[in-house]
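Student: Hi! Could we go through this model together? I'd like to talk about how some of its parts pack.

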Amino acid sequence: MSRPNNMSAALFLQKSYDMIMNCPDDVAAWSNNGTSFVVNQIKDLESIWLPRYFKHNNFTSFARQLKFYGFDKYKKHNQSGDLDADSVWEFTHPLFLRDAPEKMVSIRRKTNTSSDVSEKVDKTEVSALKEKMSSLESQLSALTNQISILTNFVHSYVETNALDAEVEAEPLRKKAKLTSSPRDVSNFVPVADEMDLSDIDDGILDTLLFGTATPAEAVTFDMQMPLLL
């Protein structure tokens, strides 16, 4: 049995209806009253039937899409009666019916599910983090440039001060060198040894040596000094 041509229903719902109608009952089938369908073999559904109708082979993704369209999911006992990981799953929706496929047109995908909201929040947070990272990178770049400029300034300042100190210290070094070097006094000869004092009057000589002279002697001394020099 195939569904009537109803192109107004969501494509996912149309494909799901066709898959349940066409796959073997031991894989997936409608319930007896046709108000729900049951997946009996998840592995076979993933390996064979999901790839035929959808672009994936993931049962979890298929079940998630059904939830977005408002389907309820129930875990049922398997044929042995055990409720374990291999149990069958039943899906139901009041408008997804075996004998009334035209009602699928009224099924709408939920747009405000917690998953959608979470996804939007995640995208918003990621976008905010990217903007923050970009801002931090810009600040880091500016700070790096400032550090480089400051480092160059410090180096220049140190070099300039070192040069100024060198210039200021040079005269002091020269002065210290002259002060610390012993003078050679071997060539110094007392003035009295170089001068011929034989022509100087004894009174004038006494005046030079002892500081006593009459006015007349002082005049005579002044007249004779140019001759000595």
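Student: Which hand does the crossing of α1 and α2 have?

Tutor: Helix α1 passes helix α2 in a right-handed crossing. Keep in mind as we go that this is a predicted model.

Student: Good to know. At what angle do the axes of α1 and α2 cross, and within what distance do they come?

Tutor: The crossing angle is roughly 135 degrees, and the two axes come within 10 Å. Because of that angle, α1 counts as oblique to α2; the cut-off for roughly antiparallel is over 145 degrees.

Student: Which residues make the contact between α1 and α2?

Tutor: On the α1 side you have Lys-15, Asp-18, Met-19 and Asn-22. Helix α2 brings Leu-45, Trp-49, Leu-50 and Tyr-53 to the contact.

Student: And how does that contact split by class?

Tutor: Five of the residues are nonpolar, one is polar and two are charged.

Student: Let's zoom in on Leu-50. Is Leu-50 buried or exposed?

Tutor: Leu-50 counts as buried, because its relative accessibility is 0%. Its place is in helix α2, which covers residues 42-53.

Student: What is Leu-50 in contact with, leaving aside its neighbours within four places in sequence?

Tutor: With that filter, Leu-50 is in contact with Met-19, Leu-45, His-56, Asn-57, Asn-58, Phe-59 and Phe-62. Met-19 also belongs to the α1 side of the contact with α2.

Student: How far is Leu-50 from Ser-16?

Tutor: Their C-alpha atoms are 9.1 Å apart in space, while in sequence the two residues are 34 apart.

Student: Ser-16 brings me to the other helix pair. How do α1 and α3 pack?

Tutor: Helix α1, residues 11-22, and helix α3, residues 59-68, pack at an angle of about 125 degrees, with their axes 11 Å apart. That angle is why α1 is described as oblique to α3.

Student: Is that crossing left-handed or right-handed?

Tutor: Left-handed: that is how α1 passes α3.

Student: Who's touching whom there? I mean, which residues of α1 and α3 make the contact?

Tutor: Phe-12, Ser-16 and Met-19 come from α1, and they are joined by Phe-62, Gln-65 and Leu-66 from α3. By class, that gives four nonpolar residues, two polar ones and no charged ones. Met-19 takes part in the α1 contact with α2 as well.

Student: Staying with α3, is Lys-67 buried or exposed?

Tutor: Lys-67 sits in helix α3 and counts as exposed, because its relative accessibility is 59%. The C-alpha atoms of Lys-67 and Phe-91 are separated by 9.1 Å, with their positions 24 residues apart along the chain.

Student: Now a strand. Where is Asp-72 found?

Tutor: Asp-72 is in strand β3, residues 72-75. At 40% relative accessibility, it counts as partly exposed.

Student: What does Asp-72 contact beyond four places in sequence?

Tutor: Its contacts of that kind are with Glu-90, Phe-91 and Thr-92. As for Pro-94, its C-alpha atom is 9.7 Å from that of Asp-72, and the two are 22 residues apart along the chain.

Student: Let's zoom out. How many helices and strands does the protein chain have?

Tutor: Seven helices and four strands. Along the sequence they follow the pattern α-β-β-α-α-β-β-α-α-α-α.

Student: What percentage of the residues count as buried?

Tutor: Of the 229 residues in the protein chain, 23% count as buried. The chain exposes about 16800 Å², and carbon and sulfur atoms supply 56% of that area.

Student: Last one: what share of the contacts comes from residues 24 or more positions apart?

Tutor: Such pairs account for 50% of the chain's contacts with a separation of 6 or more.

Technical notes. Residues numbered from 1 in each chain as written. Predicted model: local features only at pLDDT ≥ 70, side-chain atom pairs only at ≥ 80, totals over all residues. Heavy atoms only, no water. Axes fitted to C-alpha atoms, helices over the stretch in contact; angles between N-to-C directions. Helix = DSSP H or I, 4+ residues; strand = E, 2+ residues; numbered from the N terminus. Parallel < 35°, antiparallel > 145°, perpendicular 65-115°, else oblique. Left-handed = near helix turned anticlockwise from the far one by under 90°. Contact = heavy atoms within 4.5 Å. Nonpolar A, V, L, I, M, F, W, Y, C, P; charged D, E, K, R; others polar. Buried < 20%, exposed > 50% of the residue type's maximum accessible area, 1.4 Å probe, protein only. Areas by Shrake-Rupley, 256 points an atom, 1.4 Å probe, with all protein chains shown as cover.
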